[in-house]
Amino acid sequence: MPLPGGATVLAARYHRYGPPEVLQIDDVPVPEPRAGQVLVRVHATSVNGGDLHARSGRLRFLARGRFPLGTGLDVAGEVVRTGRGVTDPAPGDRVWGVLPRSTVSGPLGAAAEFVVADAARLSRAPGNLDPVEAAALPAVGTTAVTALLTHGRLRAGQRLLVRGAAGGVGSAAVVLGHALGAHVTALARGSVLDAVRGLGADEAFDHRTVAPGDLGRFDLVLDTAGGRGLSVWHGLLGPRGRMVAIAPTSPASIAAILLSTVHGPRRMRFFSGDPRRADLDALTAHAVRGDLRPVVAAVHPLDRIADAHRALEAGGGVGKHVVRVLPASG
């Protein structure tokens, strides 16, 4: 696929920390892949919570680069050029993947017409998903698979509680848990409970009004919401139950998780996803089988990426906000 005729491409970036309005579309040089890298023409990306934290400055301690900074981690697109030593993927391959979190300290993220990525962080995209659908799944899908299967060891017939079931990871976990044959109980905002049930939740409750003690016992609790009170949800575990948290936000929460890894059968785990090709290959297999399907709240054009950030911050929908980079007719 030929590169644009000019020397620059369009990319969403920000030149200072702040609200969604700091995002702007810049002309940037076409990036060149180094050894072990590929140049990808981006069809679509999506907005994750980490993108919001980086843009607002809450992750400024990770930003080693200088402004302007790029945004976007999820990539769905087509390989255009390969760097030295790369034979797979090859030019013309449809790929998906997740850029490393260090992208927040660089000038170019996935919200751009072209991006350079390590070949090891990409996999062949499943043929049953279009680019918009594919962009909604890499980060949250690999996180859900790791949480439920690797750390949670979820099996058919077990009881799963998903806290934050309307978000990207939470909605993916509801879909996957249902496909695995678990009994899924979901906690989310009252306005989206019907939509969450439609994803496969056997029960769905408003997190603001339900009493945790009325929910029963669970074999696995997945906490995607963070905040205080993890001990409350940990207390709902059955005798051999496990709790997996992906967003603890207080020192007490982290301390509880660390202590639980060495005490007793009721274990807690915290992890932050950093998927590589093997993880993406596994995700592709789940997507092809239909165990996981993308949940898209809305699709935004690249030049309205601030709307996508604003919508995710406001909440109210279910699933991912996708940013279409390549026009549907392109």
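In the predicted model, the second largest cavity encloses about 40 Å³ of space. The count of cavities of 30 Å³ or more comes to two. The lining of the second largest cavity is formed by Ala136, Leu137, Val140, Gly168, Ser171, Ala172, Arg293, Pro294, Val295 and Lys320. By class, this lining comprises six nonpolar, two polar and two charged residues. Helix H4 (residues 168–179) makes the greatest contribution to the lining, supplying three residues.

Helix H4 also takes part in the packing on an open sheet, in which six strands are arranged in the order E11-E10-E9-E12-E13-E14 with parallel pairing. The edge positions are held by strand E11 (203–206) and strand E14 (267–270); each has a single partner strand, so one side of each is left without a neighbour in the sheet. From one strand to the next, the twist averages 15°. Within the sheet, strand E9 (residues 159–163) pairs with strand E12 (residues 218–223) in the parallel sense over four bridges. In this pairing, leucine 160 is placed opposite leucine 220 of E12. Helix H3 packs on the sheet through contacts with E9, E12, strand E13 (237–245) and E14, and the direction of H3 makes about 150° with that of E12. Helix H4 likewise packs on the sheet, where it touches E9, strand E10 (183–188) and E12; the direction of H4 makes about 165° with that of E9.

Helix packing was examined next. The axes of helix H3 (residues 138–151) and helix H8 (residues 277–289) come within 10 Å and cross at roughly 90°. H3 is therefore roughly perpendicular to H8. On the H3 side, the contact is made by Pro138, Gly141, Thr142, Val145 and Leu149, while H8 contributes Asp279, Leu280, Leu283 and His286. The residues of this contact divide into five nonpolar, three polar and one charged.

A second crossing involves helix H1 (residues 49–56) and helix H9 (residues 305–314), whose axes come within 10 Å and cross at roughly 105°. Because angles of 65 to 115 degrees count as roughly perpendicular, H1 is assigned as roughly perpendicular to H9. Here Gly49, Asp51, Leu52 and Arg55 of H1 meet His309, Leu312 and Glu313 of H9. The contact of H1 with H9 contains two nonpolar, two polar and three charged residues.

Definitions and conventions: Residues numbered from 1 in each chain as written. Predicted model: local features only at pLDDT ≥ 70, side-chain atom pairs only at ≥ 80, totals over all residues. Heavy atoms only, no water. Axes fitted to C-alpha atoms, helices over the stretch in contact; angles between N-to-C directions. Helix = DSSP H or I, 4+ residues; strand = E, 2+ residues; numbered from the N terminus. Parallel < 35°, antiparallel > 145°, perpendicular 65-115°, else oblique. Contact = heavy atoms within 4.5 Å. Nonpolar A, V, L, I, M, F, W, Y, C, P; charged D, E, K, R; others polar. 1 Å grid on protein atoms, 1.4 Å probe; cavity = no way out; pocket = protein on both sides within 12 Å on 5 of 7 lines; lining within 4 Å. Points joined across faces, edges and corners; volume = space filled by probe spheres on them. Pairing = 2+ DSSP bridges.
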